[in-house]
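Visitor: Please show me the model, and then let us go through its local features in turn.

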Amino acid sequence: MQHQQRSSGRLPPSSDTEDIVALLAPRLVHFAGVARTEHVTRAAQELQVPQSTLSRSVVRLEQDLGVDLFARHGRALSLTPAGRTFLASVERALAEIGRGADEVRADADPATGKVAFGFLHTMGAETVPGLLHAFRADHPRIRFSLVQNYGEAMLEGLRAGELDLCLTSPVPDAPDLVARRLDEQKLRLVIPADHRLAGRRRIRLDEAADENFVTLEAGYGLRRITDDLCAQAGFRPRVAFEGEEAETLRGLVAAGLGVALLPPPAVPRPGVVELTVTSPRAAREIGVAWLAGRPDTLPVSAFKKFLLSRRGRLLPD
């Protein structure tokens, strides 16, 4: 059976889908209500809209589609085959919209909402768990979506709307982002336990100019800092291995495959010695960043305020 066509349809078949949706969306709830009751008066009462408004809405919807959705029998109506086909799609769409509305309202709830929070791999073992524990003392039901990644990937996550906040290093300087310095973390030269310099406690970085280095891959913030510090010391590091995670690099150092500039470990690693770098000053700034101009939900605002309050004491002792 073919759907009956209206000659006065306002949207030609070539119309863009987005244009059709924008035009039809306000009338879909009215259509679903009438389809459910098959009676304009009862539907108007259920939807709490004037009957005349409801009738006009349904007629305009049919005109927009160029298809009869109802067969009229006085005040009663029955769905045409076209109407039944369309109703199935409308009910799925309205249900999906309802689920989406429930989700975003839940995420924005001040007591039980959600924060999408990114942080560096090196902060996952100790720093971030400590921060979340302290924050949840006053906000016990706020939920977190946690993402560990390297700095540039997290900044792209902010821009894409996938993250609300991130802890990163170096502290970014970009016109579309807001960033605040929170703390500073000293870096150490990590060497194998049987290295010729293992008896030392301090070292100038230029003394390691002839060593093989194990580093994070290009694009990681700590890799840029390593390259910059070596340049300040007057040499370019000879990179033997590249990795994606600081503790993996410590393992490579312990295996005698090179040396590395790394932040302190959460737990001491056997097989390595960690030397204080006296020159140049070896440290990295840790900061929090978010997208400029994006309104915060109440949970995000509360966690942002908490992070800023930790300035100078972000990192564990």
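Visitor: In which loop is the place of Gln48?

Guide: This is a predicted model, in which local features need pLDDT of at least 70 and side-chain atom pairs count only at pLDDT 80 or more, while totals for chains, interfaces and linings use all residues. Residues are numbered from 1 along each chain as its sequence is written, and side-chain values use heavy atoms, with hydrogens and water left out. Helices (H or I, at least four residues) and strands (E, at least two) are DSSP runs, numbered from the N terminus. On that numbering, Gln48 is placed in the loop between H2 and H3.

Visitor: What is the phi of Gln48, a residue other than glycine?

Guide: Most residues other than glycine have a negative phi, and most peptide bonds are trans. Gln48 is exposed, with a relative accessible area of 72% (buried means under 20%, exposed over 50%, partly exposed in between, with a 1.4 Å probe and protein chains only). Its phi is positive, near 60 degrees.

Visitor: Where does Glu38 lie?

Guide: Glu38 is not a glycine, yet has a positive phi of about 50 degrees. With a relative accessible area of 33%, Glu38 is partly exposed. It lies in the loop between H1 and helix H2 (40-47).

Visitor: Which residues does a cis peptide bond with omega of about -10 degrees join?

Guide: One cis peptide bond, with omega about -5 degrees, joins Ser169 and Pro170, and Pro170 is in the loop between E5 and E6. For the bond with omega of about -10 degrees, the proline is found in the loop between E12 and E13. The residues joined there are Ser279 and Pro280.

Visitor: Around how wide an arc do the buried residues of H6 lie?

Guide: An α-helix has 3.6 residues a turn, so residues three or four places apart point the same way. In helix H6 (residues 151-159), the buried residues are Gly151, Met154, Leu155, Gly157 and Leu158. They are on the same side of H6, because the arc they cover around the axis (taken from the directions from the helix axis to the C-beta atoms) is only 155 degrees.

Visitor: Which element gives the largest share of the largest nonpolar core?

Guide: A nonpolar core is a set of buried Ala, Val, Leu, Ile, Met, Phe, Trp, Tyr and Cys residues joined through side-chain atoms within 4.5 Å. The largest has 35 residues, of which Phe117, Leu167 and Phe303 touch the most other members. Two or more residues come from each of E3, helix H5 (127-135), H6, E5, E6, E13 and helix H9 (298-309). The largest share, 5 residues, comes from E13.

Visitor: How many residues apart in sequence are the parts that Asp64 and Arg27 tie together?

Guide: A salt bridge (a side-chain nitrogen of Lys or Arg within 4 Å of a carboxyl oxygen of Asp or Glu) joins the side chains of Asp64 and Arg27, at 2.0 Å from N to O. Asp64 lies in helix H3 (residues 51-65) and Arg27 in helix H1 (residues 17-37), so the parts tied together are 37 residues apart.

Visitor: At what relative accessibility does Arg188, the salt-bridge partner of Glu274, count as partly exposed?

Guide: The closest N and O atoms of Glu274 and Arg188 are 3.3 Å apart. Glu274 lies in strand E12 (residues 272-279) and Arg188 in strand E7 (residues 188-192), so the pair ties together parts 86 residues apart in sequence. Glu274 counts as partly exposed at 22% relative accessibility; for Arg188 the value is 32%.
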